[in-house]
Amino acid sequence: MEIEIIRSKRKTISIQIKDSEHLLVRAPLRLSKKAINECIEKNQDWIEKHMEKAARAEKESESIRPLTQLEMLELTERAKEVFRRKVQYYAPIVGVDYGRVTIRNQKTRWGSCSSKGNLNFNIALMRAPIEVLDYVVVHELCHRKHMNHSKDFWNEVARVIPDYKTYEKWLKDHGKMLMVETGSRSL
């Protein structure tokens, strides 16, 4: 395991798993090497658990073949129709209208909603379970009522998709893998 230490004007120490073989430790400028090593030892179980999780994720992503330009174009065309139908279905349930529906190849966002009601969705969602795709559509449509992540917003999401936290967790656990599949290609 490679350990990288970054010292800065901070008051606390933090440990971050970069990947299955790299640990990043952020530490205060004057903290001794001994204190850093003690912190690493104290958190060894946590470190091992998350390094193993990173190793599994890396192994999964190695087996994924990136999409060709043609495959991306075909997937984008299919996505336009799928998202259009999903938005048409859920908009009346949420009780909102909307503008354009656009499909994008984004690296960090699953979807977005502009103040004008235009909806953008990430092409990578086409490789997620359909329930996850539904959750993201509802999430963005709920922003037509609440342009924030307030309690009222989440209550609205839960009204339409009561188990939305399951899909939110799925994206957190598997989303990077989806991004690997499509994120390095431009449309």
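**Notebook: Ile36, aromatic pairs and a pocket**

I began with Ile36, which touches Ile5, Arg7, Ile13, Val25, Ala27 and Leu31 once residues up to four places away in sequence are left out. A reminder to myself: this is a predicted model. Ile36 sits in helix H1, residues 33–42. Is Ile36 buried or exposed? I found 0% relative accessibility, so Ile36 counts as buried, the cut-off being under 20%. I also looked up the spacing to Ser14: the two residues are 22 apart along the chain, and their C-alpha atoms are separated by 9.7 Å.

**Confidence**

Next I checked how far to trust the model. The chain has a mean pLDDT of 88, with 91% of its residues at 70 or more. Where is confidence lowest, and where highest? Helix H6 has the lowest mean, 80, while helix H5 (residues 151–160) has the highest, 97. I marked residues 182–187 for caution, since pLDDT stays under 50 there. For that stretch the model has 19 contacts beyond four places in sequence.

**Aromatic rings**

Then I turned to the rings. I noted that a pair is described by the distance of the centres and the angle of the planes. My count came to five aromatic pairs. One of them joins Tyr89 and Tyr90 edge-to-face, at 4.8 Å centre to centre with 85° between the planes. Tyr90 has 12% relative accessibility and therefore counts as buried, as that is under 20%.

Tyr135 and Tyr164 also pair, this time stacked, at 6.2 Å centre to centre and 15° between the planes. Which parts does this pair tie together? Tyr135 lies in helix H4 and Tyr164 in helix H6, so the pair links parts that are 29 residues apart in sequence. Both Tyr135 and Tyr164 are buried. I found these two in one aromatic cluster with Phe153 and Trp154.

**The second largest pocket**

Last, I looked at the second largest pocket and wrote down a volume of about 200 Å³. Its lining consists of Arg109, Trp110, Gly111, Tyr135, Val136, His139, Glu140, His149, Trp154, Glu168 and Leu171. Tyr135 and Trp154 were already in my notes as members of the aromatic cluster, and here they turn up in the pocket lining.

Which element gives the largest share of the lining? That is H4, with four residues. Helix H4 (130–142) and helix H6 (164–182) each supply at least two lining residues. By type, I sorted the lining into five nonpolar, three polar and three charged residues. I kept in mind that H6, one of these suppliers, is also where confidence is lowest.

Terms used
Residues numbered from 1 in each chain as written. Predicted model: local features only at pLDDT ≥ 70, side-chain atom pairs only at ≥ 80, totals over all residues. Heavy atoms only, no water. 1 Å grid on protein atoms, 1.4 Å probe; cavity = no way out; pocket = protein on both sides within 12 Å on 5 of 7 lines; lining within 4 Å. Points joined across faces, edges and corners; volume = space filled by probe spheres on them. Nonpolar A, V, L, I, M, F, W, Y, C, P; charged D, E, K, R; others polar. pLDDT = per-residue confidence, 0-100. Contact = heavy atoms within 4.5 Å. Phe/Tyr/Trp six-rings, centres within 6.5 Å; stacked < 30°, edge-to-face > 60°. Buried < 20%, exposed > 50% of the residue type's maximum accessible area, 1.4 Å probe, protein only.
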